[in-house]
Every structure is written in C-alpha cells, then in structure tokens.
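Open the model in your viewer and switch to a cartoon view. Keep the sequence at hand for making selections.

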Amino acid sequence: MEKSDLLHQKFMRMAILLSKKNVHKTLGGPFGSVIVKDGKVIAKSSNRVAATNDPTAHAEVAAIRLASKKLNNFDLSDCIIYTSCEPCPMCLGAIYWAGISKIYYANTKHDAEKIGFADKFIYDELELPTEKRRLQAIQLLREEAIEVFKEWHKSDIKVEY
C-alpha cells in the first residue's frame, strides 16, 4: 500500500471517528468531516444540527466554515475533504462553492437513506421545473433587484468568487 493511500485512510478514519463520537454524545447525526491542505488537517467537525439548532450545520458545512476562517479565505481549492458519508445536495453545493479539489467519502447516500437520512427527494425536486416542485417559489420585484446586480457587475471594489 502506498504512503498516500495510508494518509487518505488516516484522514477518513478521523472523519469516521468524529461521526462515531457524535452518535455517543447525541449532539447530532452520525456524520464527520475533515479538511486537509498539504497533508495537514486544517479543520474538522461533526454534524452540529441538533447541538446548534441550525439545519445547515452539517459536518461538511461546519468544517468548511472552520477551514475558511482558519485560512482567512473562502477559496479552498488547494484542500481535500474527507467525509464519513457521501455529501447531501447542500453539502455538495458548499464543497463546490468552496472550490475544494477532491472528496473522499465512506458511507453512500443510499446507506444514509437506510437509516432515515433521505436526500433523494431533494435530488428529485431539483430535476423538476420550478413550478412543479413541492416548495412553492414565487418571483417578485426582479426589476428592482436586477439593478443591484448591474451595480455589482460594474463595481470596481467587488471581490469575485
């Protein structure tokens, strides 16, 4: 086995241990995540939904927040994320937005569904036209809002991401 394989396993075991500890502390779901840069752990977190009453505090999102703060940068393109389960749609979106270069995961979304974490309905909803989704979405005041987009587009002080 190559040294890099051993390192990947080491970081994945850290994510799995975070998920296991979370189960025994009843602070959230059985999920853990570790973010690594240049072979060093930058941030790690377990699922914090129940502990913080924040539905967005999934392990991956919490770890991304910690890593961005530690690196003082929202661009994590030189980082790798290890997560104890295949990311849900929200976490996957956050990973893409952070620019993380690679995901390693242990359990699958199907494994998560078998224990009550069903994300399939979100994937299914995203395939539907907006007007056919369960969550009603109504466009309002676009004419006013588009002016702000135009201002941002012309701005000399914007930070692109």
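Start with the sheet. This is a predicted model, and its open sheet has four strands in the order 2-1-3-4, with mixed pairing. Color the strands separately to follow that order.

Next, select the edges. Which strands have a single partner strand? They are strand 2 (40-46) and strand 4 (102-107), so each has one side without a neighbour in the sheet. Now look along the sheet. From one strand to the next, the twist averages 15°.

**Strand 1 and its partners**

Select residues 32-37. This is strand 1, and it runs antiparallel to strand 2, joined by six bridges. Check two of the pairs. V34 has K44 of strand 2 as its bridge partner. G32 faces S46, also in strand 2.

Move to the turn. Two residues lie between the strands in the hairpin of strand 1 and strand 2. Select D38 there: its phi is positive, near 50°.

Now go to the other neighbour of strand 1. Five bridges pair strand 1 with strand 3, again in the antiparallel sense. Pick S33 and find T83, its bridge partner in strand 3.

Is strand 1 largely enclosed or largely open? Turn on a surface to judge. Five of its six residues are buried, that is, under 20% relative accessible area, so strand 1 is largely enclosed by the rest of the structure.

**Helix 3 against helix 4**

Select residues 59-71 for helix 3 and 89-98 for helix 4. Their axes come within 8 Å and cross at roughly 25°. Angles under 35 degrees count as roughly parallel, so helix 3 is roughly parallel to helix 4. The crossing of the two helices is left-handed.

Show side chains at the contact. Helix 3 contributes E60, V61 and I64. From helix 4 come M90, C91, A94, I95 and A98. Color this contact by class: seven residues are nonpolar, one is charged and none is polar.

**Back to the sheet**

Keep helix 3 selected and bring back the strands. Which strands does helix 3 touch? It packs on the sheet and touches strand 1, strand 2 and strand 3 (79-85). Compare directions last: helix 3 makes about 140° with strand 2.

For a final view, show strand 1 with both antiparallel partners, strand 2 and strand 3. Then add helix 3, which packs on the sheet, and helix 4, whose axis comes within 8 Å of that of helix 3.

Note on methods: Residues are numbered from 1 along each chain as its sequence is written. This is a predicted model: local features need pLDDT of at least 70, side-chain atom pairs count only at pLDDT 80 or more; totals for chains, interfaces and linings use all residues. Side-chain values use heavy atoms; hydrogens and water are left out. Axes are lines fitted to C-alpha atoms, for helices over the stretch in contact, and angles run from 0 to 180 degrees between N-to-C directions. Angles under 35 degrees count as roughly parallel, over 145 as roughly antiparallel, 65 to 115 as roughly perpendicular and the rest as oblique. A crossing is left-handed if the near helix is turned anticlockwise from the far one by less than a right angle, and right-handed if clockwise. Contact means heavy atoms within 4.5 Å. Ala, Val, Leu, Ile, Met, Phe, Trp, Tyr, Cys and Pro count as nonpolar, Asp, Glu, Lys and Arg as charged, and the others, Gly among them, as polar. Two strands pair if DSSP finds at least two bridges between them. Buried means under 20% relative accessible area, exposed over 50%, partly exposed in between (1.4 Å probe, protein chains only).
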